[in-house]
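Thanks for making time this morning. I would like to walk through one model with you, beginning with its charged side chains and then moving out to its helices and its surface.

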Amino acid sequence: MEKHDGRDAGRVRPGDLKDPWYDELASGWGELDGTGAPTAPAVPAPAVPAPAAAPERSAADIYLEVQASAAFQEVRRRYRRFVIPAVAAFFTWYVAYVVTATAAPELMARPVSGAVNVAMVAGLAQFASTFLLTWAYARHARLRRDKAALDLRWVVFEQKREQELRQGAER
């Protein structure tokens with residue numbers, strides 16, 4: 001990404017892609033424009049004029065439409081297909097460790113090698129399984145959900161942008 005300094009820094013130029021997840025209020029909040037006044041967020045010029053008879057939709061309508069879409073349902077289904085079994089397996093493994101430690105202390109005290117006993121090995125395996133589950137979740141998200149979720153975000157962003165442009169043209 002190019003760094004722009006000087007007079008046009010921060011101004012949206014034609015052809016620039018605007019990141020839909022850039023928080024203008026948080027990032028530009030309290031910044032001054034050089035004259036002592038707060039900067040106003042730059043709004044890009046509309047690329048295509050909005051249709052005159054477009055029905056007015058609120059942001060909630062856009063989100064509800066996306067939530068009902070097949071693409072969103074597919075992302076949620078992929079999420080649930082990984083998370084529910086993973087949580088069940090990890091919770092079962094954790095409860096088994098705790099129950100075994102309290103109900104069978106003689107088993108947990110059995111030496112494995114020198115001063116290392118079954119409880120220590122199982123406790124360290126809890127940490128290892130946590131890291132393994134985190135890695136598996138991140139990999140699953142990257143391979144199975146991230147691209148589809150990003151596509152949905154852009155759809156919402158474009159719909160909201162078109163709505164803002166229509167509202168700006170009406171004023």
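Which side chain meets that of Arg78 in a salt bridge? The partner is Glu74, and the N to O distance is 2.9 Å, where a salt bridge is taken as a side-chain nitrogen of Lys or Arg within 4 Å of a carboxyl oxygen of Asp or Glu.

Before I go further, a word on provenance: this is a predicted model, in which local features need pLDDT of at least 70 and side-chain atom pairs count only at pLDDT 80 or more, while totals for chains, interfaces and linings use all residues. Residues are numbered from 1 along each chain as its sequence is written, and side-chain values use heavy atoms, with hydrogens and water left out.

Coming back to the pair, Arg78 and Glu74 are separated by about one helical turn because they are four residues apart in helix H3. Helices here are DSSP runs of H or I with at least four residues, strands are E runs of at least two, and both are numbered from the N terminus. Glu74 also meets the side chain of Arg77 in a salt bridge, at 2.5 Å from N to O, and those two residues lie three apart in H3, again about one turn of the helix.

As for exposure, buried means under 20% relative accessible area, exposed over 50%, and partly exposed in between, with a 1.4 Å probe and protein chains only. Glu74 has 25% relative accessibility and so counts as partly exposed; Arg78, at 28%, is partly exposed, and Arg77, at 32%, is partly exposed as well.

By the rule I gave, the count comes to three salt bridges, and the remaining pair is in helix H5, where Asp151 and Lys147 sit four residues apart, about one turn of the helix. Their closest N and O atoms are 3.4 Å apart. Lys147 counts as exposed at 61% relative accessibility, whereas Asp151, at 40%, is partly exposed. Salt bridges that share partners, by contrast, join Glu74, Arg77 and Arg78 into one network.

Let me stay with H5, which covers residues 118-170, 53 in number, and reaches 72 Å from its first C-alpha to its last. That is close to the 78 Å expected at 1.5 Å a residue, the expected span being 1.5 Å times one less than the number of residues. H5 bends by about 55° at Arg145, the bend being the angle between axes fitted to the seven residues ending there and the seven starting there. At its N-terminal end, Asn117 caps the helix, with a side-chain oxygen 3.3 Å from the backbone nitrogen of Ala119.

Tyr137 is also found in H5, and its C-alpha atom is 7.8 Å from that of Phe82, although the two are 55 residues apart along the chain. Tyr137 is partly exposed, with a relative accessible area of 34%.

What about the chain as a whole? There are five helices and two strands, running α-α-α-α-β-β-α from the N terminus on. Of the 171 residues, 15% count as buried.

I will finish at the surface of the model. Val98, which lies in helix H3, residues 70-103, is partly exposed at 34% relative accessibility. Val98 helps to make a nonpolar surface patch of about 520 Å², together with Val87, Phe91, Tyr94, Val95 and Val99. Such patches are made of residues with over 30% relative accessible area and no salt bridge, like charges being joined within 9 Å and nonpolar side chains (Val, Leu, Ile, Met, Phe, Trp, Tyr) within 5 Å; the areas come from the Shrake-Rupley method with a 1.4 Å probe, and for residues only the protein chains shown count as cover.

How values were computed. A polar contact is a pair of N or O atoms within 3.5 Å; within protein, one must be able to donate a hydrogen and the other to accept it, and residues adjacent in sequence count only if both atoms are side-chain atoms.
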